[in-house]
Protein chains: 2
Amino acid sequence: MENMNIKKLAKELNLSVSTVSKALHDSYEIKAETKEKVLALAKQLNYQPNPFASSLRRNSSKTIAVVIPEIAHNFFSLVINGIESIAEELKYHVLIYITHEIPEKEEQIIRHLLNGRVDGILISSSGTSNNNAHYHELVQKGIPFVFFDRANFDVDAPRVTTDDYQAGFQATEHLIKSQCKHFAFLSLSNQMSAINHRKDGFLAALKQYQIEPSHVHIIEAGTDETLSFQIIRDFLQPLPVSLGIFSSVEKLAIQTYHICKEIDIMIPKQLKIISFSNLPTAALLNPALSTLTQPAFSIGKEAALLLFQSIKNKGKIQPITTLPNVVLKSTLFIRESTKM
Amino acid sequence: MENMNIKKLAKELNLSVSTVSKALHDSYEIKAETKEKVLALAKQLNYQPNPFASSLRRNSSKTIAVVIPEIAHNFFSLVINGIESIAEELKYHVLIYITHEIPEKEEQIIRHLLNGRVDGILISSSGTSNNNAHYHELVQKGIPFVFFDRANFDVDAPRVTTDDYQAGFQATEHLIKSQCKHFAFLSLSNQMSAINHRKDGFLAALKQYQIEPSHVHIIEAGTDETLSFQIIRDFLQPLPVSLGIFSSVEKLAIQTYHICKEIDIMIPKQLKIISFSNLPTAALLNPALSTLTQPAFSIGKEAALLLFQSIKNKGKIQPITTLPNVVLKSTLFIRESTKM
DNA sequence: ATGAAAGCGCTAACAT
DNA sequence: ATGTTAGCGCTTTCAT
């Protein structure tokens with residue numbers, strides 16, 4: 001009796017497979033007494049339905065995929081937590097795929113998932129806007145998907161993002177009010193929508209407060225670590241007076257922090273930094289950094305909820321013209337010591 | 001032509017399904033010319049084999065599960081990265097399950113996985129040693145699994161852990177050499193093997209350096225946050241002279257850090273802290289903390305490699321009496337400022 | 001080198 | 001209320 005299956009279970013009970021199957025699914029066709037008997041023996045013999053047989057038959061996998069650029073950012077860990085909390089409740093399984101920020105990798109993963117392994121996908125895009133054929137294939141195949149954090153705005157899919165414009169504006173306003181005179185925006189790339197929205201907020205705030213344009217610096221540090229160190233270092237020498245830096249990502253803020261140590265710039269006396277950060281620990285421990293924290297767990301939850309809604313609605317006529325687009329706000333943590 | 005399948009593909013090619021299947025699997029029975037034709041059309045029509053059909057038929061899922069207590073620790077994120085790097089290479093899929101440190105949850109997940117959904121499982125145990133029936137069921141079912149980080153030593157399964165004893169010894173030695181006179185060990189629970197090994201290392205170092213036993217303090221702070229804050233606060237008032245704290249987990253070190261701020265204890269002047277930490281950022285940013293960093297990525301990799309080896313060897317006669325037990329070392333980061 | 005056919009375990013439409 | 005049966009899409013044994 002190596003592996004239990006519904007056939008053996010049925011034989012043991014002197015019932016037909018279909019009766020057993022119905023009983024296990026609590027069908028109204030089966031009388032209570034039979035159900036009890038079936039459930040009891042199933043439990044006793046430790047019967048577990050084969051998930052692949054039922055997936056094959058029902059054409060549904062009870063599984064979703066999460067496709068993310070990196071997991072070793074606390075942000076994505078928290079998002080996965082949020083996703084898992086919903087999936088667990090709905091008895092769905094969660095597959096993780098990591099693209100390592102390589103667009104081709106993402107394409108490959110998404111293309112693979114066209115095979116029906118999952119009922120839906122949550123994506124934080126690693127791609128640039130010029131490549132979205134694979135998303136369209138998902139649409140064509142009828143596989144629901146939801147973007148979170150990094151959305152591709154050329155694709156008609158629900159999105160869950162943070163209000164990066166607002167956060168950028170708020171962060172910059174904070175620097176302005178802390179008596180900064182020069183303002184720098186540290187960017188990873190001008191291809192990432194979230195980062196660009198942060199920049200837009202940054203620029204809008206500076207404009208509203210009528211900051212002299214020559215005092216505004218946009219630093220494209222890029223993703224290569226050695227290079228970005230050099231670019232930031234070059235920018236800081238010579239140091240603009242009363243510089244306020246808004247770092248669009250934590251990594252660049254930390255690099256800046258190290259460079260300042262290296263070339264003896266005092267934070268926050270000579271230089272103020274405010275950065276996005278989803279490492280609560282870092283934010284709490286380091287007195288030199290004001291941070292913008294994204295509601296990562298909620299993003300995961302919201303995205304999962306939207307996805308499950310789409311999965312449920314699949315096939316139904318959907319008169320939705322405007323796709324759901326959830327925008328959540330970041331939280332600004334200001335440390336006292338950033339005041340000059 | 002909604003969904004491609006092997007039947008339609010075969011019809012299109014005027015071949016039988018079996019020939020097509022063999023061609024797709026590069027069987028030696030099929031001549032090169034035919035293979036090419038099949039592959040070409042498969043690509044053109046974007047044919048993707050149904051994973052559930054083949055899983056059902058082959059009784060293998062090309063999927064592994066990772067069961068962890070929490071994902072929002074950087075440690076586990078890094079481990080997953082390591083796991084994913086191997087799984088990706090071997091074209092395996094990775095399912096994530098989070099137990100939230102609830103042993104019953106872990107049991108439930110493991111029991112569910114007895115249904116064959118995965119070919120193997122990587123577990124960081126949330127359970128106490130008195131409950132391991134579910135692990136034995138895995139053994140019975142022949143589902144390979146590997147423990148990482150938190151192992152259950154009563155179960156005969158491969159383990160990948162860090163040398164916590166050695167790390168504990170090293171950390172404590174560092175405190176001793178920094179002229180500390182009193183020594184405290186901050187523990188979450190005395191039920192977790194890793195933490196206990198750290199404690200053993202701590203005690204062994206103190207013994208070797210002949211530290212007066214009355215100067216040794218074991219603080220069981222527990223997992224409840226409010227409670228642990230209170231327990232640590234109580235311990236620090238009044239403050240033992242030249243206290244060196246070895247925190248078995250980062251969370252308690254951070255709590256201690258905050259309490260010190262709150263009740264005006266100067267770190268590292270009045271109090272030194274050394275802690276396990278897998279948040280490189282925190283370690284880099286905070287000058288008050290010396291840290292022990294676990295080789296998380298390698299742990300994930302090693303664990304995955306062991307698992308895939310077990311999966312491969314399944315069914316074969318295995319004369320292994322001593323199970324593989326990989327022990328990796330943590331890295332000690334000492335910040336200058338912790339020297340008094 | 002290719003094909004026919006059985007069957008993995010389950011579900012559901014259709015009897016009875 | 002219960003049973004019979006076809007078939008989901010694939011792999012594989014056994015012909016040819």
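Select E101(B) in this predicted model. E101(B) lies in the loop of chain B that runs between β2 (93-98) and α6 (103-112). Which sign does its phi angle take? Phi is near 65 degrees, a positive value in a residue other than glycine.

**The cis peptide bonds**

Remain in chain B and move to Q237(B) and P238(B). The peptide bond between these two residues is cis, with omega near 0 degrees. P238(B) sits in a loop, with α10 (225-236) on one side and β8 (243-247) on the other. Now select the corresponding pair in chain A. Q237(A) and P238(A) are likewise joined by a cis peptide bond, with omega about 0 degrees. P238(A) is placed in the loop between α10 (225-236) and β8 (243-247) of chain A.

**The two chains together**

Display chain A and chain B as a pair and superpose one on the other. A turn of 180 degrees, with a shift of 0.0 Å along the axis, lays chain A on chain B with an RMSD of 0.1 Å. This is therefore the relation of a two-fold axis. Both copies use the same surface, since 98% of the contact residues of chain A recur in chain B.

Next, select the residues at the contact between the chains. Chain A contributes 50 residues and chain B contributes 50 residues. The area buried between the two chains is about 4,700 Å², and 58% of it is on carbon and sulfur atoms.

How many salt bridges cross this interface? The rule finds two between chain A and chain B. For one of them, select K105(A) and E88(B): their side chains form a salt bridge with an N to O distance of 2.6 Å. Polar contacts can be shown in the same view; 17 residue pairs are found across the interface of chain A and chain B, with both residues at pLDDT 80 or more.

Colour the side of chain A that touches chain B by element. At least two residues come from each of α4 (51-58), α5 (74-89), β2 (93-98), α6 (103-112), α7 (133-141), α11 (250-262) and α12 (280-285) of chain A. Which element supplies the largest share? It is α5(A), with seven residues. Recolouring this side of chain A by residue class gives 21 nonpolar, 19 polar and ten charged residues.

**DNA strand C**

Select DNA strand C and the 26 residues around it; those that come nearest are I6(A), Y47(A), R57(A), K22(B) and R57(B). The nearest residues thus include members of chain A and of chain B. Among the strand C atoms within 4 Å of the protein, 60% belong to sugar or phosphate, and the rest belong to bases.

Three positions merit a closer view:

- At A53(A), a backbone N or O atom lies 3.3 Å from a base nitrogen of DNA strand C.
- At S16(B), a polar backbone atom is 2.8 Å from a phosphate oxygen of DNA strand C.
- At K22(B), a polar side-chain atom lies 2.4 Å from a base oxygen of DNA strand C.

The elements giving two or more residues to this surface are α2 (17-24) and α4 of chain A, along with α2 (17-24) and α4 (51-58) of chain B. The largest share of the surface near DNA strand C comes from α4(A), with four residues. By class, the surface near DNA strand C comprises eight nonpolar, eleven polar and seven charged residues.

**DNA strand D**

Finally, select DNA strand D. Which of the 26 residues around DNA strand D come nearest? They are K22(A), R57(A), I6(B), Y47(B) and R57(B). Of the strand D atoms within 4 Å of the protein, 57% are sugar or phosphate atoms and the rest belong to bases.

Again, three positions may be examined:

- At E29(A), an N or O atom in the side chain is 3.1 Å from a base oxygen of DNA strand D.
- At I6(B), a backbone N or O atom lies 2.5 Å from a phosphate oxygen of DNA strand D.
- At A53(B), a polar backbone atom is 3.3 Å from a base nitrogen of DNA strand D.

Highlight α2 and α4 in chain A and in chain B: each supplies at least two residues of the surface near DNA strand D. The element that gives the most is α4(B), with four residues. The surface near DNA strand D divides into eight nonpolar, eleven polar and seven charged residues.

Notes
Residues are numbered from 1 along each chain as its sequence is written. Chains are lettered from A and ligands numbered from 1 in the order in which they are written. This is a predicted model: local features need pLDDT of at least 70, side-chain atom pairs count only at pLDDT 80 or more; totals for chains, interfaces and linings use all residues. Side-chain values use heavy atoms; hydrogens and water are left out. Contact means heavy atoms within 4.5 Å. Buried area is the accessible area (1.4 Å probe) that two parts lose on being put together, summed over both. A salt bridge is a side-chain nitrogen of Lys or Arg within 4 Å of a carboxyl oxygen of Asp or Glu. A polar contact is a pair of N or O atoms within 3.5 Å; within protein, one must be able to donate a hydrogen and the other to accept it, and residues adjacent in sequence count only if both atoms are side-chain atoms. Ala, Val, Leu, Ile, Met, Phe, Trp, Tyr, Cys and Pro count as nonpolar, Asp, Glu, Lys and Arg as charged, and the others, Gly among them, as polar. A residue is near a molecule or strand if one of its heavy atoms lies within 4 Å of it. Copies are superposed by least squares on the C-alpha atoms of residues with pLDDT of at least 70 in both.
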